[in-house]
Number of protein chains: 2
Amino acid sequence: MKQDWKPGTMIYPLPTVMVSCGTTPEEYNITTVNYVGTLCGNPPLCYISLKPESHSYDIIKRNMEFVINLTSKDLAKWADWCGIRSGKHNNKFEATKLTPGKSNVINTPIIEESPLSLECRVKEIVELGSHHMFIAEVVNVQADNRFFDVTTGQFEMDKANLIAFAHGNYYELTNHVGKFGWSVEKKRPNTSKTGKKRSPKK
Amino acid sequence: MKQDWKPGTMIYPLPTVMVSCGTTPEEYNITTVNYVGTLCGNPPLCYISLKPESHSYDIIKRNMEFVINLTSKDLAKWADWCGIRSGKHNNKFEATKLTPGKSNVINTPIIEESPLSLECRVKEIVELGSHHMFIAEVVNVQADNRFFDVTTGQFEMDKANLIAFAHGNYYELTNHVGKFGWSVEKKRPNTSKTGKKRSPKK
């Protein structure tokens, strides 16, 4: 049985990312958004949506660039804080003791403590209503060496311990459910050792 | 230490949703996307991005509506399958045994087994490159009664057991990290029973 709800944006889970902005230390700010996502693979385009009255809005509109910093569990409390407090009244890098690091293509700092940072250049601002969407191109990605597997050279997203947001709460991504494509994988012969977990007997 | 990566869209975790489309049973299809998110709170706007060569692209462009169905863990394997197989060669509702349910505002079916479905009407299609973005308004939300707490009337997102996608893998959202606003909560006096978990002694 279903019940109707007031139309609303109930897409979950969402990423929780810390967006850094500003090109001079006086201007630097951090805001946290869930209205963020990937729009296009090639060119690599993403977006963030902000309220025009937010402190970061003017900074990003002025510089037409920002950094998306992924949030690990140990950064979750500061991510929450940066989403609630305004940069009008707080120097957020100072208050959080997070470290502004050097971007390599744009002039906005990354957050050093983040496992992965995307340097973004704004292509277009679309005024939608309560929020305006900043469509941006990813012009560089900085990934923390701690999360690379030395043997495979792969970025180990598991180790980064990212958090997701759903309906007012932050969660860890812990239990692995499957990998992309697992539903169509051919079972190989003689692979009993990789075998499925069985349900306990009832 | 950081290392640069080829610019790419590495925003994680992402939602994994099953998008149903089509307004006649012959046309019905399901595709799975991670390029999905909320754009604006008021009006409630969201988006999905699709490759123009995908089977669902033409169907949605013709009808200018679709449904976003959230994915619980028990639907994960079908979500993966619907994202890999094409509707050109598969009747996906028949193959998955998922049930097309009635939308209340639009003519596209919801997926009955999904905990929460958003009926969406397309406002604009933006051609970005490899993917085109469908900007859509949420015109109705259908939520499964199973996930409402009978005493509070709240939708219990925890019970819906949603999955998230990160870097090629699906995960459950299990460990609760905190609720929105917890970083600025005042500690109330005499609340030792709600107390924080202490770290084990070392």
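Trainee: What makes β6(A) count as mostly covered?

Mentor: In this predicted model, 6 of the 6 residues of β6(A) are buried. Buried stands for a relative accessible area under 20%, and Leu45(A), Tyr47(A) and Ser49(A), which point one way from the strand, meet that criterion, as do Cys46(A), Ile48(A) and Leu50(A), which point the other way.

Trainee: Why do the side chains of a regular strand point to two faces?

Mentor: In a regular strand the side chains alternate between the two faces of the sheet.

Trainee: How do you know that β5(A) and β6(A) are paired, and in which sense do they run?

Mentor: Two strands pair if there are at least two bridges between them, and strand β5 (residues 36-40) of chain A is joined to β6(A) by 4 bridges, with the strands running antiparallel. Gly37(A) stands opposite Tyr47(A) of β6(A), and the connection from β5(A) to β6(A) is a hairpin through 4 residues.

Trainee: What pairs with β6(A) over 6 bridges?

Mentor: Strand β11 (residues 132-144) of chain A pairs with β6(A) over 6 bridges, in the antiparallel sense, and within β11(A) the bridge partner of Ser49(A) is Met133(A).

Trainee: Why is the pair of Trp5(A) and Phe155(B) called edge-to-face?

Mentor: A search of the whole structure gives 21 aromatic pairs over all chains. For Trp5(A) and Phe155(B) the ring centres are 5.5 Å apart and the planes stand at 75°; pairing requires centres within 6.5 Å, and edge-to-face requires planes over 60 degrees apart, so the pair is edge-to-face. Because Trp5(A) lies in strand β1 (residues 2-5) of chain A and Phe155(B) in the loop between β11 (132-144) and α4 (157-160) of chain B, the pair joins two chains. Trp5(A) and Phe155(B) also belong to one aromatic cluster with Phe147(B) and Phe148(B).

Trainee: Is Phe155(B) buried or exposed?

Mentor: Phe155(B) has a relative accessible area of 3%, and the limit for buried is under 20%, so Phe155(B) is buried.

Trainee: What makes the pair of Tyr47(A) and Tyr47(B) edge-to-face?

Mentor: Their rings lie 5.3 Å centre to centre with 80° between the planes, which is to be set against the limits of 6.5 Å for the centres and over 60 degrees for the planes. This pair crosses between chains, from strand β6 (residues 45-50) of chain A to strand β6 (residues 45-50) of chain B, and both Tyr47(A) and Tyr47(B) are buried.

Trainee: How do you know that the two copies are related as by a two-fold rotation axis?

Mentor: Chain B can be laid on chain A by a turn of 180° and a shift of 0.0 Å along the axis, with an RMSD of 0.0 Å. The two copies are thus related as by a two-fold rotation axis. The same surface serves both copies, since 100% of the contact residues of chain B recur in chain A.

Trainee: Why does Lys2(B) count as buried?

Mentor: Its relative accessibility is 15%, and the cut-off is under 20%, so Lys2(B) counts as buried.

Trainee: What does the side chain of Lys2(B) reach at 2.7 Å?

Mentor: The side chain of Lys2(B) reaches the backbone oxygen of Glu112(A) at 2.7 Å, and a polar atom of that side chain lies 2.7 Å from the backbone oxygen of Ser114(A). Lys2(B) touches further residues of chain A, including Ile110(A), Gln142(A) and Asp144(A).

Conventions. Residues are numbered from 1 along each chain as its sequence is written. Chains are lettered from A and ligands numbered from 1 in the order in which they are written. This is a predicted model: local features need pLDDT of at least 70, side-chain atom pairs count only at pLDDT 80 or more; totals for chains, interfaces and linings use all residues. Side-chain values use heavy atoms; hydrogens and water are left out. Buried means under 20% relative accessible area, exposed over 50%, partly exposed in between (1.4 Å probe, protein chains only). A polar contact is a pair of N or O atoms within 3.5 Å; within protein, one must be able to donate a hydrogen and the other to accept it, and residues adjacent in sequence count only if both atoms are side-chain atoms. Contact means heavy atoms within 4.5 Å. Copies are superposed by least squares on the C-alpha atoms of residues with pLDDT of at least 70 in both. Rings of Phe, Tyr and Trp (its six-membered ring) pair if their centres lie within 6.5 Å; planes under 30 degrees apart count as stacked, over 60 as edge-to-face and the rest as tilted. Lists of a residue's contacts leave out its neighbours within four places in sequence.
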